[in-house]
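The following exercises are to be worked with the sequence and the coordinates at hand. Each task is followed by a solution in steps.

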Amino acid sequence: MSLLQTTDLTVRFGGVVANDSVNIRVEEGQVVGLIGPNGAGKTTFIDAITGYVASTGGIEVDGANIRALKPHQRVAKGLVRTFQSLELFEDLSVEDNLLVAAQPARWYDTILDMLYLSRVPAAVRKRVDDALELVGLSHVRSQSPSNLSQGQRKLVGVARALAAKPRLVLMDEPAAGLDTAESYELGQKMRTLPASGVSVFLIDHDMGLVLGICDYLYVLDFGSVIAEGSPVEIRSNPKVIQAYLGESAGTIREAATQALAQTENIQP
Ligand SMILES: Nc1ncnc2c1ncn2[C@@H]1O[C@H](COP(=O)(O)OP(=O)(O)OP(=O)(O)O)[C@@H](O)[C@H]1O
Ligand SMILES: [Mg+2]
C-alpha cells in the first residue's frame, strides 16, 4: 500500500484545469519528484494534497481517503509541506521558528508559554533538535534568520517542516534562489531523510537536483502528467524535452547529464 496515492485528482480554477486527473503515488522511503514548466500545476497539486484548495478525485494515505480532513488534520496524518515563498519569523531565533511549527495543535494557546516560559515538552524539544541536526543548522540555532545566507534560510524552512515530524514532507521549490553548491548540499540532506522515516515529495526547477536525488519522477504539463519514470527514463523522454523547449531548450539534457555524473556521490 502506498504512503500517498492520488486517483484522478482534478483542480479547477474557473475555466483553468490546473490539475487534470493526476495519478501520483509515493511509496514509503522514496524521494519522488514533480517537475514541469511554470504554470504546469505543481504548486496546485501540493495545495490539493494538503487541503489548501478544493479538488475532486481520490487522495489516500495508507489506503484511507483523507478528502474530508482539514489541513491541520492532514498534518496530523503526517503530510507536512513547505511553501514556495518562504516566510520566516525574523524576530524569532532559528530555534523558535522551529518550535512554533513543532506542535501545531497548540499553536495559539501555548505559543507564549512555549517561547518565553520554557515549558517546551522534552519530546518537542527533541524534534526541533533532530530537525536542526538533520539540516546542519544546530550551530546557528540562537541566531535570527536575517543573519543567515539564503541557502541557510531555505534550510530553516525545510527544518521547520521536519520539526512537525512528517511521514511525507512536500517541498515546493526548496532550492529556488540557491547557488549550485547550496542546492547540491540541500540535495544531500534530502537524500538522508528516508533513512530517518521521512519520505520526500519534491518540486523543483533545478534539474540537477531533481534528477540527481529522486527515485521516481512525474512530469506535469498543462495540469496533466505527461511522463513518469526513473531519472534515467525521464531525461531521454521526448515528451519531456518537448515540454521544456519553450522555456529552456536543451537545458534538461545538459542538467540530466550533470546530474547523472553526480548521482553516485549523492545516493547512499
Ligand atoms: N488561486 C488560483 N486562482 C486561479 N488560478 C490559479 C490559482 N492558483 C493557480 N492558478 C492557475 O493554475 C495554474 C497552475 O498554477 P501553479 O501555481 O500550480 O503552477 P506551478 O507549476 O506551481 O508554476 P511555477 O513553476 O511557476 O511555480 C496556472 O495557470 C495558474 O495561473
Ligand atoms: Mg509553483
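**Exercise 1: Polar contacts of the ligand**

A polar side-chain atom of Thr 43 lies 2.9 Å from an oxygen atom of ligand 1. The model is a predicted one, and the separations quoted here are computed from it.

Task: Which other side chains place a polar atom at 2.9 Å or 3.0 Å from an oxygen atom of ligand 1?

Solution.
Step 1. Take the cut-off for a polar contact, which is a pair of N or O atoms within 3.5 Å.
Step 2. In the side chain of Asn 38, an N or O atom is 2.9 Å from an oxygen atom of ligand 1.
Step 3. For His 205, a polar side-chain atom is found 3.0 Å from an oxygen atom of the ligand.
Step 4. Turn to the cover of the ligand: on its own, ligand 1 has 630 Å² of accessible area, and the protein covers 59% of this.

**Exercise 2: The shell around the ligand**

Task: Which helix supplies the largest share of the shell around ligand 1, and how do the shell residues divide by character?

Solution.
Step 1. There are 14 residues around ligand 1, and those that come nearest are Gly 39, Lys 42, Thr 43, Thr 44 and Gln 84.
Step 2. By character, the shell comprises 5 nonpolar, 7 polar and 2 charged residues.
Step 3. At least two shell residues each are supplied by strand 2 (16-22) and helix 1 (42-50).
Step 4. The largest share, 3 residues, comes from helix 1.

**Exercise 3: Burial of helix 1**

Task: Is helix 1 mostly covered or mostly uncovered?

Solution.
Step 1. Apply the cut-off for a buried residue, under 20% relative accessible area.
Step 2. Of the 9 residues in helix 1, 8 are buried, and the helix is thus mostly covered.
Step 3. The buried residues include Lys 42 and Asp 47, along with Phe 45, Ile 46 and Ile 49.
Step 4. Just after the helix, Gly 51 adopts a positive phi of about 90 degrees.
Step 5. For the protein as a whole, buried residues make up 51% of the 268 residues.

**Exercise 4: Partners of strand 1**

Task: With which strands does strand 1 pair, and in which sense?

Solution.
Step 1. Strand 1 (residues 4-13) is joined to strand 3 (residues 25-26) by 2 bridges, and the two run antiparallel. Here Gln 5 has Arg 25 as its bridge partner.
Step 2. With strand 5 (residues 56-61), strand 1 forms 5 bridges in the antiparallel sense. In strand 5, Glu 60 is the bridge partner of Gln 5.
Step 3. Strand 1 and strand 2 are also antiparallel, with 4 bridges, and Leu 9 is bridged to Val 22.
Step 4. Strands 1 and 2 form a hairpin with 2 residues between them, where Gly 14 in the turn has a positive phi of about 60 degrees.

**Exercise 5: Strand 10 and its neighbours**

Task: In which sense, parallel or antiparallel, does strand 10 run relative to strand 4 and to strand 11?

Solution.
Step 1. Strand 4 (residues 31-35) pairs with strand 10 in the parallel sense over 4 bridges; Ile 35 stands opposite Val 219.
Step 2. Strand 11 (residues 224-229) runs antiparallel to strand 10, and 5 bridges join them. Tyr 218 stands opposite Glu 228 in this pair.
Step 3. The hairpin of strands 10 and 11 has 2 residues between the strands, and Phe 222 takes a positive phi near 50 degrees there.
Step 4. As for burial, 5 of the 6 residues of strand 10 (residues 216-221) are buried.

Conventions. Residues are numbered from 1 along each chain as its sequence is written. Chains are lettered from A and ligands numbered from 1 in the order in which they are written. This is a predicted model: local features need pLDDT of at least 70, side-chain atom pairs count only at pLDDT 80 or more; totals for chains, interfaces and linings use all residues. Side-chain values use heavy atoms; hydrogens and water are left out. A residue is near a molecule or strand if one of its heavy atoms lies within 4 Å of it. A polar contact is a pair of N or O atoms within 3.5 Å; within protein, one must be able to donate a hydrogen and the other to accept it, and residues adjacent in sequence count only if both atoms are side-chain atoms. Accessible areas come from the Shrake-Rupley method with a 1.4 Å probe; for residues, only the protein chains shown count as cover. Ala, Val, Leu, Ile, Met, Phe, Trp, Tyr, Cys and Pro count as nonpolar, Asp, Glu, Lys and Arg as charged, and the others, Gly among them, as polar. Buried means under 20% relative accessible area, exposed over 50%, partly exposed in between (1.4 Å probe, protein chains only). Two strands pair if DSSP finds at least two bridges between them.
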